[in-house]
Amino acid sequence: MAEELLTIDHLTKQYGENVILNDVSLTVHKGEVVVVVGSSGCGKSTLLRCINALESIQGGEICLQGEKIEQEGKNITALRQKIGMVFQCYELFPHLTVLNNILLAPVKVQKRREEEVKAEAFELLKRVGLEDKADSYPRQLSGGQKQRIAIVRALCMHPDILLFDEVTAALDPEMVREVLDVILELAEQGRTMIIVTHEMQFAKAVADRIIFIDDGKIIENSKPEQFFSHPETERAKQFLNMFEYKRK
């Protein structure tokens with residue numbers, strides 16, 4: 001089996017008395033694609049934000065390649081560079097061109113040579129079909145184009161793991177496919193990814209493993225064929241039946 005890249009042990013996240021994540025444990029191996037599903041408000045996005053130390057935690061620990069991830073840890077800046085995160089709302093700087101959005105962190109934070117990063121950026125833009133948009137500004141792009149740029153920006157940091165938080169949720173239906181195709185290609189390349197999504201057909205196609213969260217707890221952790229064909233819990237059956245009903 002591939003090496004353990006990310007380990008989450010007995011994670012607890014709460015706001016006051018409101019428990020968002022309750023004793024969550026999970027191991028992600030190098031090259032694995034883990035898709036996290038569940039109803040809105042169950043804690044999926046919060047889990048990703050805890051992994052990237054964008055949220056403090058109240059119990060347990062999260063480690064990347066054996067290094068503990070803590071908001072106030074001395075190594076947090078270095079660890080965050082190993083974790084690429086793509087948000088639902090793109091998070092592109094509106095006053096910068098596409099190319100400068102991509103160059104900013106590798107050049108300023110990682111202190112890499114601009115020409116080296118620029119060459120890589122153009123290669124990645126070509127791969128996602130946007131090499132002609134390098135000098136455009138975010139306002140000139142469609143939602144699907146912005147999301148593909150956000151993915152390129154994350155890739156240029158050479159992360160060990162990529163986190164995707166509902167990256168198609170804000171897109172028009174015709175733009176969803178172009179973003180999902182990029183993520184499918186990354187999976188084929190062996191990238192380690194944790195993906196939060198409501199796109200069940202996409203989850204079935206891309207996942208090595210499905211994590212089903214309900215009320216802040218992992219209640220199913222299985223291969224996609226097992227989860228979608230023979231879910232173990234009644235709650236998962238209800239969840240999947242709801243999506244079948246929506247499709248009809």
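This presentation describes the sheet, the nonpolar cores, one helix and the aromatic contacts of a predicted model.

Good morning, colleagues. I shall begin with the sheet. Six strands make up an open sheet, and their order across it is 6-7-8-3-9-10, with mixed pairing. In general, the strands of a sheet pair through backbone hydrogen bonds, either parallel or antiparallel. At the edges lie strand 6, residues 83-86, and strand 10, residues 217-222, each of which pairs on one side only. From one strand to the next, the twist averages 20°.

Let me take one pairing within this sheet. Strand 7, residues 161-165, runs parallel to strand 8, residues 193-196, and the two are joined over four bridges. Within that pairing, Leu162 has Met193 of strand 8 as its bridge partner. Which helix packs on the sheet, touching strand 3, strand 7 and strand 8? It is helix 6, whose direction makes about 150° with that of strand 8.

I turn now to the interior. In soluble globular proteins, nonpolar side chains tend to be buried together. Here the largest nonpolar core has 52 residues, and the members that touch the most others are Val35, Ile151, Phe164, Ile183 and Ile195. Helix 6, residues 173-188, supplies the largest share of this core, namely eight residues. Ile151 deserves a separate word. Setting aside neighbours within four places in sequence, Ile151 contacts Val86, Phe164, Val179, Val182, Ile183 and Leu186. There is also a second, separate core, with 30 residues, including Ile62, Ile83, Ile194 and Ile213.

Next, helix 1. Why can helix 1 be described as largely enclosed by the rest of the structure? The helix spans residues 44-51, and six of its eight residues are buried, so the surrounding structure largely encloses it. The buried positions are Lys44, Thr46, Leu47, Leu48, Cys50 and Ile51; please note that Lys44 is among them. Just after this helix, Ala53 adopts a positive phi of about 60°.

My last topic is the aromatic residues. The model contains three aromatic pairs. In one of these, Phe212 and Phe227 are tilted, with 5.8 Å from centre to centre and 45° between the planes. Phe212 belongs to strand 9, residues 209-214, and Phe227 to helix 8, residues 224-229, so this pair ties together parts that are 15 residues apart in sequence. Are these two rings buried or exposed? Phe212 is buried, with a relative accessible area of 0%, and Phe227 is likewise buried, at 0%.

Phe212 also pairs with Phe239, again in a tilted arrangement, at 5.0 Å centre to centre and 45° between the planes. This pair links distant parts of the chain, since Phe239 sits in helix 9, residues 234-247, and is 27 residues away from Phe212 in strand 9. Both Phe212 and Phe239 are buried. Taken together, Phe212, Phe227, Phe228 and Phe239 form one aromatic cluster.

Two charged side chains complete the account. Lys204 lies over the face of Phe228, a member of that cluster, at 5.1 Å from the ring centre. Elsewhere, Arg139 is placed over the face of Tyr137, at 5.0 Å from the ring centre.

To close, I would draw your attention to two points. Helix 6 both packs on the sheet and gives the largest share of the largest nonpolar core. Phe212, in strand 9, pairs with Phe227 of helix 8 and with Phe239 of helix 9. Thank you for your attention.

Terms used. Residues numbered from 1 in each chain as written. Predicted model: local features only at pLDDT ≥ 70, side-chain atom pairs only at ≥ 80, totals over all residues. Heavy atoms only, no water. Buried < 20%, exposed > 50% of the residue type's maximum accessible area, 1.4 Å probe, protein only. Core = buried A, V, L, I, M, F, W, Y, C linked by side-chain atoms within 4.5 Å. Contact = heavy atoms within 4.5 Å. Pairing = 2+ DSSP bridges. Axes fitted to C-alpha atoms, helices over the stretch in contact; angles between N-to-C directions. Phe/Tyr/Trp six-rings, centres within 6.5 Å; stacked < 30°, edge-to-face > 60°. Lys NZ or Arg CZ within 6 Å of the ring centre and 35° of its normal.
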